[in-house]
Amino acid sequence: MAATETDIQLFGIRHHGPGSARSVLSALKELKPDCILIEGPPEADQLVSFVEREEMKPPVALLVYSPDSPRQAVYFPFAEFSPEWQAIRYGVNNYVPVKFMDLPMTNWIAMEEQRKKELFELLNKKLEDDESDTEKSETGIDLSQIEETSSEKMPSISKDPLTWLARAANMQDGDGERWWEQMVEQRRDSKDLFVALNEAMTTLREALGDEPQSKHDADEPYREAYMRQTIRQARKDGYKNIAVICGAWHTPALSQMPPAAEDAKLLKGLPKTKVTATWIPWTHSRLSYESGYGAGIVSPGWYQHLWDHDENIIEKWMSKVARFLRDKDLDASSAHIIETVRLAETLAAMRGRSAAGLGELNEATKAVLCFGDDTPLKLIYKELIIGDKLGEVPPETQGTPLAKDLESKQKSLRVKAETGEKSLDLDLRKDIDRQRSHLLHRLNLLDIKWGLIEKGKRKSGTFHEVWSLRWQPEFVITLIEASVWGRTVSEASEAKARDRADKDPTLHDLTQLLDLVLLADLPKATEYVMDKVKSVSATASDISHLMTALMPLAQIARYGNVRKTDVDTVLGVLDSMVARICAGLPAYCSSLNDDSAAVVFDNIIQVNSAISLLNESDQLSLWHECLQKLLLDANMHGLIAGRAARLLLDGKIFAQDEIQRYFGLALSLAQDPGRAAAFAEGFLHGSGLVLIHDIALLEIVDSWVCGLNNDQFLQILPLMRRTFSSFTPPERRQIGERISQGQLVAPKSHRTSQVNEERARLVLPTVAMLLGLRESE
């Protein structure tokens, strides 16, 4: 430990590490302080007492946010192996006052917001400038940025002091993470550890000098000034034996205190904003570097293992790995484990290390258990080395009525919030599954994407939904934001839906929203959005908007009753929309260019699918009449006319020979090659089966292609290539074989009956019995 004066003991730590946690806990037991100061937000001082509750299970985090703008938030995570967490627990269990001493978030959040505004103003000013003062090369690259980047091959001292210490220790690759694990986390004897760390950080800070090297460093003087002020206040309050737990980087600044007036002057006039603090559950995955957490660690799961076990650490870890691999149906015998441990220890000895670390264990695991394959090792890394453990907090810490209502719903519906990905199969005929579906859809309306429907895994029938669930700690912030809409999930989602209906006036957006509120079972919101849909659809003049809005409404009308929702009003709107589409589409499609025709082509397919889904005779009749008009219009774009012909053939409105006649006319040599190719693309797009089974159509296409001259062939080649590329490989192969083998004339059957009546007579009694007939019949 590092002492500044007789009453102050500094413990420089890394924010998450089992070795640091053990050392701090051991030092506190020896020191027996009368006050503990910890690097953290002072706004959370009143929340310290929750740590002793049984419901509090790390990993957890302190969340400090602005009630007026919840996205302005800061997280302070704690794992069971975090030194700060163990210090808090020691203080609470031994009735020692525990206080946080970092710069208050009321100042820090306000300072960050002020910086953002200044940056925004600066960017606007630069955009207004006609000429840039930036030095650029001929390629437009900022040369000053290149120089800055090249000078940052080695990270700044303040940003990554561990890398500098690793290189000073001549560690291979200068791996700061490995250096810290070997020197601190795997350490069992904490004697003189904190003194050594303080000396190392003092040397690094002297090398850094007084100039901050990054924007992050600009906050450090304010933070350390407030820490010193907190220490001074603790002395004034009469504490004689004060333990200070902070990041090792800060210990030199706290060991030599400047006059109090200097710190007070620095902190005077800092901006402020209103903030609120609470505890929230956290996860091991969010403690990792990969999550973007600035103070993250590489291996939270491994660190938890180091904290949980004092002896036979390597053997117990490999046993855990073996069990995991066996659960994945991979071989992992006892002999494998023994050989892996031996190899890891040998690697450590070759590298001059007293014990095998995670690096040696991973290399040995890959060689022995994974047989050199990286794939199983990636699973081990995700599930064990990082892990997905989710913490718990007492119900009282759920700060908003909306969060409490969601927690109540999760318990009553038996849907637990878990960080691991989980599949949930819902049968909507069951009341509890239908309520689960309503809850998940309502949360999606509130932008809380706890569950997403796996569309590719939908089972047969309309009464099944397959959801993929994955809870994220950040949903706590979204819940706080959503609290402005209501006190319960139902109330908030309904209000949010009404607001979206007012802000999304397009028919397409409204129909999609209507589908969402119906799925969420929000009757009042459904009625409100439906009124909006009727109002907008009655005045909509753009046929494309009507076409894109038809499918969502058709799905509501077709599948809504499965959820016991009333959709009668939707049918009236659909009848009106179909009539208007059929009346206006022929005129809308006149004089289309290629790009516009491609858009209308997709819309026509969607409209046909929607009308076919509804299967209403009046709507089908109107639609087929509309398609015939598109086909017979000589000025119609070939892509549209071709698709109309195909849909009429699929709907059995036109006979095969009639379609062959239209197809032959469209592809005759008198037609413009470009329009003929577009017609073929529209007709054939998406499926080559029609050419395989209709030899006459294939002969028409073949004759048309053979009759083109070289220039015409080159003109239509891209279109035909695009058309045939949409066919499956077997379809293309069969079409090519028919043409290459000259099979363009349908073979006539001359087969005569060769039934052996005597043998057939033998099976008649059995057939009669299967059909329930008497043999005489």
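## Exercises on Gln472, a three-stranded sheet and salt bridges

Gln472 is placed in the loop between strand E11 (464–469) and H18. Helices (H or I, at least four residues) and strands (E, at least two) are DSSP runs, numbered from the N terminus. The model is predicted, so local features need pLDDT of at least 70 and side-chain atom pairs pLDDT 80 or more, whereas totals for chains, interfaces and linings use all residues. Residues are numbered from 1 along each chain as its sequence is written, and side-chain values use heavy atoms, with hydrogens and water left out.

**Exercise 1.** Determine whether Gln472 is buried, partly exposed or exposed, and which side chain it joins in a polar contact.

*Solution.*
- Step 1. Buried means under 20% relative accessible area, exposed over 50%, and partly exposed in between (1.4 Å probe, protein chains only).
- Step 2. Gln472 has 21% relative accessibility and therefore counts as partly exposed.
- Step 3. A polar contact is a pair of N or O atoms within 3.5 Å; within protein, one must be able to donate a hydrogen and the other to accept it, and residues adjacent in sequence count only if both atoms are side-chain atoms.
- Step 4. The side chain of Gln472 is joined to that of Arg286 by such a contact, at 2.6 Å.
- Step 5. Gln472 and Ile448 are 24 residues apart along the chain, and their C-alpha atoms are separated by 9.3 Å.

**Exercise 2.** State the order of the strands in the open sheet, and explain why E5 and E8 each have one side without a neighbour.

*Solution.*
- Step 1. Two strands pair if DSSP finds at least two bridges between them.
- Step 2. The three strands of the open sheet follow the order E5-E4-E8, with antiparallel pairing.
- Step 3. E5 (69–78) and E8 (276–281) stand at the edges with a single partner strand each, so one side of each has no neighbour in the sheet.
- Step 4. From one strand to the next, the twist averages 30°; angles run from 0 to 180 degrees between N-to-C directions, and axes are lines fitted to C-alpha atoms, for helices over the stretch in contact.
- Step 5. E4 and E5 are joined by seven bridges, with Val64 opposite Val74 in E5, and the two strands form a hairpin with two residues between them.
- Step 6. E4 (residues 60–66) pairs with E8 over six bridges, and Val60 has Pro281 as its bridge partner in E8.
- Step 7. Helix H18 (residues 475–482) lies across E4, E5 and E8, at about 150° to E5; contact means heavy atoms within 4.5 Å.

**Exercise 3.** Establish which parts of the chain are linked by the salt bridge of Asp388 and Arg470, and how far apart Asp431 and Arg434 stand in helix H17.

*Solution.*
- Step 1. A salt bridge is a side-chain nitrogen of Lys or Arg within 4 Å of a carboxyl oxygen of Asp or Glu.
- Step 2. The closest N and O atoms of Asp388 and Arg470 are 3.5 Å apart in their salt bridge.
- Step 3. This pair links distant parts of the chain, 82 residues apart: Asp388 is in the loop between helix H15 (374–386) and helix H16 (401–412), and Arg470 in the loop between E11 and H18.
- Step 4. Asp431 and Arg434 also meet in a salt bridge (3.5 Å, N to O).
- Step 5. Asp431 and Arg434 are three residues apart in helix H17 (residues 431–445), and therefore separated by about one helical turn.
- Step 6. Asp431, at 47% relative accessibility, counts as partly exposed, whereas Arg434, at 9%, counts as buried.
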